Amino acid sequence: MANLHQPRPERCPPEQRRDALLTLNEGLPPSLQSVLVSALKQEQALGENAFRGLYYLDAKGSSPAAVWLQELPGRTGVLWPPSFAHPQAAELLDKAKEHARSEKLQLVQMLLAEGESVDESLLKEKDFERLATLEYLWLDPAAPAEREDKAADDALADVVFLPNADRYPERLEGILEKTYQDTQDCPALNGVRDLSEVIEGYKKQGMMMPEHWYLLSREGQDAGVLILASHGSGEEANWELVYMGIAPDYRGKGLSRLIVGHAIEEAAKAKVSRLVLAVDATNEPALNVYRSLGFQSWQRRHVYACLHGKS
């Protein structure tokens with residue numbers, strides 16, 4: 001029988017927010033603690049609505065706990081989980097799921113570094129599946145690997161990079177849809193959200209740089225897309241290769257290498273310290289391209305997700 005005096009998790013009032021976030025941070029795996037701090041810096045500027053998904057179990061000093069479902073553009077959310085060791089972790093996760101349903105979020109995801117403790121049975125019970133493992137890569141744009149084959153570059157000399165791709169929404173959605181066909185990068189996420197929502201999500205990854213959203217065309221036909229974003233400023237600035245995709249008819253022709261090379265060149269011109277990206281660890285063709293151009297691995301994370309869009 002449940003303890004009638006046991007505290008229940010409730011939506012966190014503003015006056016308890018600091019305590020809730022401190023409690024949440026203490027219970028997070030180490031890799032997520034610094035990421036939470038970065039997320040909070042962004043959320044603070046958005047006002048009170050940013051914390052509608054923050055739930056707190058105030059146990060009066062004995063065993064407090066918290067969970068935060070951070071809502072993001074494109075009907076998505078990031079789950080900052082409670083300590084899996086807490087006896088009421090299941091209740092807290094239920095609160096997060098209820099919030100996702102009430103806000104009609106289609107994708108809620110959580111990323112945990114490889115090797116960190118996680119209660120996979122509890123996550124599965126709450127409809128969170130491990131969808132992929134992401135390999136995080138980085139490169140110093142000032143010292144990229146040398147291009148291997150000049151002949152291959154000459155064969156693709158007719159490829160045009162058209163910036164400000166978001167000015168052409170129909171073309172952008174059309175080529176994105178093609179690039180998702182038979183993708184090897186997190187294929188389980190295909191079809192979960194509308195393309196307009198996916199694009200809205202891309203716009204909020206870091207600082208949007210419209211001039212570095214590219215449509216790639218060849219002989220007048222859209223063949224691929226490249227999206228870059230900025231994080232930070234000054235000497236500490238990083239760029240992120242948010243998305244790179246190629247339509248099926250243009251795969252296997254060296255276009256991936258050309259696209260990534262363009263991203264490196266633009267990052268070098270901007271004198272950023274790093275170009276970073278995340279790729280599905282099972283996507284060997286993409287990994288081979290990145291590594292051949294000098295990218296190095298620095299971390300792996302497992303993606304757990306609850307896909308309301310497929311229910």
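Before looking up any single residue, I note that buried means under 20% relative accessible area. I also keep in mind that this is a predicted model.

**Entry 1: the cysteines**

I looked up Cys12, and because its relative accessible area is 8%, under the 20% limit, I enter it as buried. Cys306 has a relative accessible area of 4%, so I enter Cys306 as buried too. I then asked how many disulfides the model holds. With a disulfide taken as a pair of cysteine sulfur atoms within 2.5 Å, the count comes to 0.

**Entry 2: the whole protein**

Stepping back, I find 9 helices and 12 strands in the protein. Of its 311 residues, 48% are buried. Among contacts with a separation of 6 or more, 74% are between residues 24 or more positions apart.

**Entry 3: confidence**

The mean pLDDT of the protein is 86, and 87% of the residues reach 70 or more. Where does pLDDT stay under 50? I find this over residues 147–152, for which the model has 7 contacts beyond four places in sequence. Where pLDDT is low, the predicted coordinates should not be read in detail, and I leave that stretch without further comment.

**Entry 4: helix α3**

I turned next to helix α3, which takes in residues 89–102, and checked its length against expectation. At 1.5 Å a residue, its 14 residues should span 20 Å, and the end C-alpha atoms are 20 Å apart, so the two values agree. Which residues of α3 are buried? I list Ala89, Leu92, Leu93, Ala96, Lys97, His99 and Ala100. Seen down the axis of α3, these buried residues fall within an arc of 160°, and therefore they line one face of the helix.

I then looked for what covers the buried residues of α3, and the cover includes the strands β1 (10–11), β2 (54–57), β3 (65–72), β4 (76–80) and β5 (107–113), together with the helix α4 (120–125). Just after α3, I noted that Lys104 takes a positive phi of about 55°.

**Entry 5: Gln70**

Since β3 is part of the cover over the buried residues of α3, I looked up one residue of that strand, Gln70. Is Gln70 buried or exposed? At 4% relative accessibility, Gln70 counts as buried, because the value lies under 20%. I also asked which side chain Gln70 joins in a polar contact. The partner is Trp80, and the contact between the two side chains is 3.1 Å.

Technical notes:
Residues numbered from 1 in each chain as written. Predicted model: local features only at pLDDT ≥ 70, side-chain atom pairs only at ≥ 80, totals over all residues. Heavy atoms only, no water. Helix = DSSP H or I, 4+ residues; strand = E, 2+ residues; numbered from the N terminus. Expected span 1.5 Å × (residues − 1). Buried < 20%, exposed > 50% of the residue type's maximum accessible area, 1.4 Å probe, protein only. Arc of directions from axis to C-beta. Contact = heavy atoms within 4.5 Å. pLDDT = per-residue confidence, 0-100. Polar contact = N/O pair within 3.5 Å; in protein donor to acceptor, adjacent residues only side chain to side chain.
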